[in-house]
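This report describes a protein–DNA model, beginning with its domains and then turning to the DNA surfaces and the contact between chains.

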Protein chains: 2
Amino acid sequence: MARRRQSVTIKHVAADAGVSLQTVSRVINNEPNVRPEMQKRVRDSIEKLGYVPSIAAQRMSGSRSYLIMALNDRERTIADWRDQHGTDWVDQMLLGGMLKCAEHGYRMIVELIDTHSDHVERELLAAIAAIQPDGVILTPPHSQNPVITRILDKHNISIARIGSLKEGPGFSLTMDDEGAARLATEHLAALGHRRIGLIAGARDYELSGWRIDGWCAAMADAGLDSEGLLAEGDFSYESGLTATAALLDQPDPATAIIVSNDQMTRAALDVAKQRGLIIPDDLSILSFDDTPVVRFAQPPLTAIQQPIAEVTARAVELIIADRRGQKPPEEPVVVPVRLIERTSTASPAIGVESASLPSEPPSPSAAQSG
Amino acid sequence: MARRRQSVTIKHVAADAGVSLQTVSRVINNEPNVRPEMQKRVRDSIEKLGYVPSIAAQRMSGSRSYLIMALNDRERTIADWRDQHGTDWVDQMLLGGMLKCAEHGYRMIVELIDTHSDHVERELLAAIAAIQPDGVILTPPHSQNPVITRILDKHNISIARIGSLKEGPGFSLTMDDEGAARLATEHLAALGHRRIGLIAGARDYELSGWRIDGWCAAMADAGLDSEGLLAEGDFSYESGLTATAALLDQPDPATAIIVSNDQMTRAALDVAKQRGLIIPDDLSILSFDDTPVVRFAQPPLTAIQQPIAEVTARAVELIIADRRGQKPPEEPVVVPVRLIERTSTASPAIGVESASLPSEPPSPSAAQSG
DNA sequence: GTGAAAGCGCTAACAT
DNA sequence: ATGTTAGCGCTTTCAC
């Protein structure tokens with residue numbers, strides 16, 4: 001295979017503009033100490049020759065690689081892809097991350113790593129050595145894995161941790177899980193539900209706890225008893241089946257369920273169907289993931305729309321700013337969610353329930369259909 | 001920002017193994033002229049030190065960048081993402097491409113380019129200069145764009161063209177569109193349909209033609225008249241509305257429709273619903289994309305499952321083989337599709353239709369529900 | 001079969 | 001404000 005050279009290099013530009021390599025380099029990198037007229041001369045040459053810096057060469061000598069690595073959990077990501085369950089997390093990350101990267105001359109590379117394996121460290125080191133990313137975007141559960149953050153920090157790589165508030169290197173971003181859970185709960189309470197169940201996510205995800213907190217707080221604020229309404233899941237379909245059953249199999253069963261992700265939501269729908277429960281007449285369901293499986297469900301589900309694209313774009317911005325020496329934000333960056341109202345949530349069926357409604361009627365204002 | 005060095009370089013390995021840089025380089029690249037004992041010594045050092053070659057450095061001096069670029073149409077990809085219509089083409093490309101790349105120490109970078117813009121050339125050149133990919137995977141409509149293939153070829157980059165059989169540099173891969181259309185048509189004919197319509201895709205996609213060919217051939221083979229049963233679409237939802245209406249608004253309307261992609265399928269479903277047609281009782285619908293929107297439709301749709309992941313994986317293999325100097329395949333690589341039978345296709349309603357059925361009854365063998 | 005030297009395209013550090 | 005020099009980590013070329 002023939003040796004492939006860059007067709008137009010910084011040398012050609014320098015020669016064409018009649019300046020030194022360094023001056024061209026400064027212009028490319030928007031560094032100071034270049035007179036406007038020089039600037040222009042160089043930029044004109046760049047334009048004329050169609051010069052584009054080689055990322056590889058930039059990385060070789062400089063401190064930047066112009067590469068940002070998006071790290072996702074291998075097992076879960078591959079399973080989602082294979083099963084074609086319509087989880088579009090990676091797609092949305094690409095949408096937000098790639099486009100933002102492109103604005104700044106960066107590229108995003110998706111990398112999968114097994115969190116729970118013994119060779120996380122080895123895998124991560126290999127990825128770092130091969131790619132030399134300027135920054136890494138971590139998603140749960142990687143974002144709270146101290147082994148990973150420590151290694152990245154040691155290598156002086158900027159870290160954006162999505163879905164983690166733990167102390168640690170880099171900056172945190174969240175999708176306001178607590179607020180979202182509160183929003184979801186309030187939505188259902190406003191519809192008149194008193195038995196609002198929550199199917200929580202895997203315990204080792206920080207955000208699972210936040211959602212429980214938000215739900216608990218909102219239940220308390222609404223004067224509702226949350227006794228027996230919390231079911232623990234692990235984000236898998238199977239766990240969703242068990243959890244849903246648990247919420248329905250009790251003396252005073254849930255009339256509305258908030259489900260922490262799309263796969264468990266599928267399970268909840270299936271359990272409801274199997275039991276002959278009509279949605280939303282007999283049971284309201286609200287999903288914490290607005291993925292295709294949820295949007296195209298029958299009936300279309302009311303859902304918390306997680307701004308994955310946006311939060312990823314913000315993560316890219318933070319990393320690039322960090323590279324430029326700007327001070328990272330003190331506080332975690334919180335990207336608010338939206339509640340998309342569809343037809344899976346409605347007032348509970350009139351019956352014994354309604355007889356025991358509190359004196360205060362449900363607020364119709366919060367129940368407007370979007 | 002501190003200058004970041006590779007922690008373990010080829011030098012460390014060479015020193016540790018007591019050999020020269022070149023010997024290590026040869027081992028890394030599986031080149032000849034290294035004695036087995038040397039091999040082992042070097043490999044042991046690599047293992048011990050946890051050495052991983054830097055892609056940037058490899059690219060700098062050598063002919064390989066270990067980077068494969070997956071090129072998609074910017075406008076359509078972003079629209080699909082934004083609208084969240086559940087098209088998972090990019091996801092599936094990543095699944096197949098990334099994993100295969102990983103097996104060989106390559107990485108895949110997704111890049112978006114506007115096909116129809118004036119600056120295709122400029123955008124492509126910029127991407128090439130920045131990334132220096134060893135190979136590029138082209139999807140329609142890029143795969144048939146001579147401007148693109150010519151530039152890539154000139155830069156000595158391996159080209160895998162998915163969905164194009166036109167003469168040109170690089171190798172072609174298809175998902176057997178003609179055979180798939182034939183399969184779909186036969187499936188419907190076997191159910192007893194005589195008026196099987198096809199909503200074709202955009203004319204400037206080669207595969208649109210192949211599908212028409214397959215459908216035509218199968219119709220002829222089944223002794224069916226295809227008069228008035230071909231409607232042209234352009235893959236957009238809107239075009240799907242018009243095309244569906246055209247197939248239904250005629251003296252002898254279609255009782256089954258094959259739709260060339262998921263968005264037009266959505267349109268077909270909506271038209272049917274609006275007209276009060278029950279699927280599959282009044283109208284059978286078969287989609288040419290098995291994306292989430294199709295799988296989770298009500299009823300779930302019978303669909304051609306395009307093996308995007310697999311064809312991308314094959315493309316990666318071909319590119320890597322090409323880099324290694326292996327001779328590319330003479331013939332286009334054809335990855336077969338599968339027909340996923342769901343509940344949107346059934347025998348046409350018994351009525352005037354059945355009275356005029358040909359003497360030969362529909363073959364039940366081909367109508368087995370999967 | 002192995003090693004030494006040269007240089008890929010670019011930037012950091014140090015001149016001027 | 002601009003230029004010069006010395007590498008970055010690796011592969012290529014060519015000598016041994």
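The domain assignment divides chain A into domain 1 (5–59), domain 2 (67–175 + 308–337) and domain 3 (177–305 + 339–367). The C-alpha centres of domain 1 of chain A and domain 3 of chain A are 58 Å apart. The model is predicted.

**DNA strand C**

DNA strand C is surrounded by 31 residues, and the closest are Ile10(A), Gln22(A), Tyr51(A), Gln22(B) and Thr23(B). Sugar or phosphate accounts for 62% of the atoms of DNA strand C within 4 Å of the protein, and bases for the rest. The surface near DNA strand C is made up of nine nonpolar, 15 polar and seven charged residues.

At least two residues of this surface come from each of helix H1 (10–17), H2 and H4 of chain A, and from each of H2 and H4 of chain B. H4(A) gives the most to the surface near DNA strand C, with four residues.

Individual contacts reach both the backbone and the bases of the strand. A polar backbone atom of Ile10(A) is 2.3 Å from a phosphate oxygen of DNA strand C, and an N or O atom in the side chain of Gln58(A) is 3.3 Å from a phosphate oxygen of this strand. Gln22(A) places a polar side-chain atom 2.3 Å from a base nitrogen of DNA strand C.

**DNA strand D**

Around DNA strand D there are 30 residues, the closest being Thr23(A), Arg35(A), Ile10(B), Tyr51(B) and Ser61(B). Of the atoms of DNA strand D within 4 Å of the protein, 69% are in sugar or phosphate, with the rest in bases. The residues of the surface near DNA strand D are nine nonpolar, 15 polar and six charged.

Gln22(A) also reaches this strand: an N or O atom in the side chain of Gln22(A) is 3.5 Å from a base oxygen of DNA strand D. Asn33(A) has a polar side-chain atom 2.8 Å from a phosphate oxygen of DNA strand D, and for Asn29(B) an N or O atom of the side chain is 3.2 Å from a phosphate oxygen of this strand. The elements that give two or more residues to the surface near DNA strand D are helix H2 (21–28) and helix H4 (55–61) of chain A, with helix H1 (10–17), helix H2 (21–28) and helix H4 (55–61) of chain B. H4(B) gives the most to this surface, with four residues.

The table lists the contacts described for the two strands.

| Residue | DNA atom | Distance |
|---|---|---|
| Ile10(A), backbone | phosphate oxygen, strand C | 2.3 Å |
| Gln22(A), side chain | base nitrogen, strand C | 2.3 Å |
| Gln58(A), side chain | phosphate oxygen, strand C | 3.3 Å |
| Gln22(A), side chain | base oxygen, strand D | 3.5 Å |
| Asn33(A), side chain | phosphate oxygen, strand D | 2.8 Å |
| Asn29(B), side chain | phosphate oxygen, strand D | 3.2 Å |

**Contact between chains A and B**

Chain A brings 57 residues to the contact and chain B brings 58. About 5,400 Å² is buried between chain A and chain B, with carbon and sulfur atoms giving 53% of this area.

Four salt bridges are found across the interface of chain A and chain B. Arg107(B) and Glu111(A) form a salt bridge in which the closest N and O atoms are 2.3 Å apart. Polar contact across the interface of chain A and chain B involves 15 residue pairs, both residues at pLDDT 80 or more.

On the side of chain A that touches chain B, at least two residues come from each of H4, helix H5 (74–83), helix H6 (89–103), strand E2 (107–113), helix H7 (120–131), helix H13 (292–295) and helix H14 (308–323). H6(A) gives the most to this side, with seven residues. By class, the side of chain A that touches chain B has 28 nonpolar, 15 polar and 14 charged residues.

**Salt bridges and local geometry**

Over all chains the structure holds 34 salt bridges. Side chains of opposite charge can pair when their charged atoms come close. Asp44(A) and Lys40(A) form a salt bridge with an N to O distance of 2.7 Å. Both residues lie in helix H3 (residues 36–49) of chain A, four residues apart, about one turn of the helix.

Most residues other than glycine have a negative phi, and most peptide bonds are trans. Asn30(A), which is not a glycine, has a positive phi of about 55° and lies in the loop between H2 and H3 of chain A. Pro140(A) and Pro141(A) are joined by a cis peptide bond with omega about 0°. Pro141(A) is in the loop between strand E3 (135–138) and helix H8 (146–154) of chain A. In chain B, the peptide bond from Gln298(B) to Pro299(B) is cis, with omega near -5°, and Pro299(B) is in the loop between helix H13 (292–295) and strand E10 (302–305).

Methods. Residues numbered from 1 in each chain as written. Chains lettered and ligands numbered in written order. Predicted model: local features only at pLDDT ≥ 70, side-chain atom pairs only at ≥ 80, totals over all residues. Heavy atoms only, no water. Near = heavy atom within 4 Å. Polar contact = N/O pair within 3.5 Å; in protein donor to acceptor, adjacent residues only side chain to side chain. Nonpolar A, V, L, I, M, F, W, Y, C, P; charged D, E, K, R; others polar. Contact = heavy atoms within 4.5 Å. Buried area = accessible area lost by both parts, 1.4 Å probe. Salt bridge = Lys/Arg side-chain N within 4 Å of Asp/Glu carboxyl O. Domains from an automatic or database assignment.
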